[in-house]
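This report follows the chain from its domains down to single residues and backbone angles. Please keep the sequence and the coordinates at hand while reading.

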Amino acid sequence: MQQTLAAKRILLGISGGIAAYKSADLVRRLKERGAEVRVILTSAAQQFITPLTLQAVSGNPVSTTMLDPAAEAAMGHIELAKWAELIVIAPASADVVAKLAHGMANDLLTTCVLATAAPVAVAPAMNQQMYNNIATQQNLATLKKHNIHIYGPGAGAQACGDVGYGRMLEPLELVALIEQTLLPLTPLIGLHITITAGPTREAIDPVRFLSNHSSGKMGYALAAAAAAAGATVTLISGPVQLATPAGVNRIQVISAEQMHAAALNAAIKSDIFIGCAAVADYRAATIAPGKIKKGSAETLQLTLVKNPDIIAAVASLTERRPFTVGFAAETTDVLHYARQKLNSKKLDMICANDVSLPNAGFNSEQNAITAIWHGGEQVLELQNKVTLAASLITLISQLFSQPQTTSETNK
Ligand code: PMT
C-alpha cells in the first residue's frame, strides 16, 4: 500500500450515528496509508461503537471525556488539538454540525475543534429530512464560510428506510478527500480541462428518445478531481441527476449534436480534453413533430443516421489541439478494441473500460480501467469512482507534462 499519508497526524472525531460502524474501517484505511490516528468518541457515539474497538484499530488510547483526570494527564484536550494536523469528524451528526456552526465547546470533540489551528473536515451523516432541513443547511453553509471542509454526504438508501442525501461517504471516499486536504495536488494549476460526462438523448418524437445507462458519476468524479488539482474545469454534461462539483463550470446539453458543438467550442480553449460521455452513435434521421402513434403493424422501423464523433473531431484539430483522452466502453476484447479506438480516433490516451464487469462501468459507484497510451499502459483496479478519478487525473497530468518519461516508466 502506498504510504500517501505517512506520519500524518489525524484526529478522528466520531459522533452519534449508525454510520459510526464505518469509522473503524476508516481508521484502518488511514493507518494502512501510514497515518497516525487518534480518536475522540462523543458520548452518543459510544452507543454505536466502543472505545475498545477504536483503540484496537488505531493502536492509541481513545478519548471520550474532557473531565477525566487520567486522560487529561496522558494527552490533554489542548495538547490533542495541537497534535492534530487534521481533525476529521466522521460521522458528523446534525447535532455536532449545529454545535460547530455556533462555536460551542461543551464536550471534548467540539472543544478540540475550537482549540486547533489545523484544518477541520466534517462528513455529515443523518436522515435525509434532517440533512435537507433549512437549519442544517444553514449550519453547513456557516461551516463552509469558516473554511471547514464538508465531505459529502452521499445519497442512497438510509438505515431508517428513507432514500436521499445524508449517507456518510464510504471510508475509501473519505480517505481520498483526506489526501486531497492534506496533500493538495495542484499539478494542474493554470491549465484548462474540458470533460464530457453522462449520456446523450436522441429524440425520436416529442416524448421519446434513444439513450443509454450512463449516470455521469465517472465524468463528474473526474471534474471534481481536476478542479481539486487546480485546473479550470469545463464539464459538458448530458442529462444526469448529479450536483455540479464545486468550482466547476457546467454546460448542460441533451443531444450528441449539442455536445459536439459545445465540446469543439471548449476544446480550442483547453489544454486537456477528456471524453467520458457515453455519446449515442446514432440519432433518428427525422424527429417526428408529434407523438408517433401506435399503428396496426407489429413492427416499426426507425431510420438512424450517424452522430458526429466528438472526440475524434477534437483530436483532429490542427490548431489549439488539446491533449485528448477518450474512454472505450467494451464488453468483449476490451483491450484490443480500446487500442483500435486510440489509433483510429488519434487520441493521446484511452481508458479501456470493461462494462461487462459486475459493479463497474455504467451507473455503478465503482469502476476499473486500463489506461493505454502510445508506449505505455497502467491498470487502475476496481475501486470507487472518486478515488479512481483522482489517480487518473494524476496520471494524465504526468503524461501531459512529461509524455516520454511517463510512457517509458509505466511500460
Ligand atoms: O457515467 P457512468 O455511469 O459513471 O459510467 C461511466 C462510463 C461507463 C460511461 C465511462 O466510464 C465510459 O466508458 N465512457 C465512454 C462510453 C462510450 O460511449 O464509449 P465508446 O467506446 O462508445 O466511445 C469511445 C470514445 O468516443 C468515448 O470517449 C466517447 O466519449 C467518444 N465518442 C463516442 C461516440 C461519439 N459519437 N462521439 C464521441 O466522442
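The domain assignment divides the protein into domain 1, covering residues 9-182, and domain 2, covering residues 192-410. Taken over C-alpha atoms, the centres of domain 1 and domain 2 are separated by 36 Å, and the contact between them takes 4 residues from domain 1 and 4 residues from domain 2. The model is a predicted one, and every value in this report is computed from that model.

**Overall form**

The secondary structure comes to 15 helices and 19 strands. The radius of gyration of the protein is 24 Å, close to the 22 Å that the globule rule gives for 411 residues, so the protein is as compact as a globular protein of that length. Along the principal axes, the C-alpha trace spans about 80 × 55 × 35 Å.

Of the 411 residues, 49% count as buried, and the accessible surface of the protein comes to about 19,300 Å², with 53% of that surface belonging to carbon and sulfur atoms. Among the contacts with a separation of 6 or more, 67% are accounted for by residues 24 or more positions apart. As to charge, the protein has 31 positive and 29 negative charges, and the mean positions of these two sets are 5 Å apart.

**Two covered helices**

Which elements do the buried residues of helix α6 pack against? Helix α6, formed by residues 108-115, is mostly covered, with 6 of its 8 residues buried, namely L108, L109, T110, T111, C112 and V113. These buried residues pack against the strands β1 (9-14), β2 (36-41), β3 (86-92) and β4 (120-124), and also against the helices α4 (77-83) and α5 (94-101).

Within α6 lies T111, and this residue counts as buried because its relative accessible area is 11%, under the 20% cut-off. Leaving aside residues up to four places away in sequence, T111 touches M66, H77, A105 and N106.

Helix α5 can be described in a similar manner: 6 of its 8 residues are buried, so α5 is largely enclosed by the rest of the structure. The buried residues of α5 are A94, V96, V97, K99, L100 and A101, a list in which the lysine K99 appears beside alanine, valine and leucine residues. The partners against which the buried residues of α5 pack are β3, α6, β4, α7 (128-132) and α8 (134-145). Just after α5, the backbone at G103 takes a positive phi of about 65°.

**Exposed loop positions**

Where does G247 lie? G247 is found in the loop between β11 (232-237) and β12 (248-252), and this glycine is exposed because its relative accessible area of 72% is over the 50% cut-off. G247 and T65 are 182 residues apart along the chain, and their C-alpha atoms are separated by 39 Å.

**Backbone details**

Most residues other than glycine have a negative phi, and most peptide bonds are trans. Against that background, two residues other than glycine with a positive phi are set out below.

| Residue | Phi | Loop | Relative accessibility |
|---|---|---|---|
| N147 | near 65° | between α8 and β5 | 63% |
| K346 | near 60° | between α13 (334-344) and β17 (349-354) | 54% |

With a relative accessibility of 63%, N147 counts as exposed, and K346, at 54%, likewise counts as exposed.

Cis peptide bonds can be described in the same terms. A cis peptide bond joins A90 and P91, with an omega of about 0°, and P91 lies in strand β3, a strand that takes part in the packing of the buried residues of α6 and of α5. Another cis peptide bond joins G152 and P153, where omega is about 5°, and P153 is found in the loop between β5 (149-150) and β6 (154-157).

Taken together, strand β3 carries P91 and is packed against by the buried residues of both α6 and α5, while exposed positions such as N147, G247 and K346 are found in loops.

Methods
Residues numbered from 1 in each chain as written. Predicted model: local features only at pLDDT ≥ 70, side-chain atom pairs only at ≥ 80, totals over all residues. Heavy atoms only, no water. Helix = DSSP H or I, 4+ residues; strand = E, 2+ residues; numbered from the N terminus. Rg over C-alpha atoms; globule rule 2.2 N^0.38 Å. Buried < 20%, exposed > 50% of the residue type's maximum accessible area, 1.4 Å probe, protein only. Contact = heavy atoms within 4.5 Å. Areas by Shrake-Rupley, 256 points an atom, 1.4 Å probe, with all protein chains shown as cover. Lys, Arg positive; Asp, Glu negative; His and termini not counted. Charge placed at Lys NZ, Arg CZ, Asp CG, Glu CD. Domains from an automatic or database assignment.
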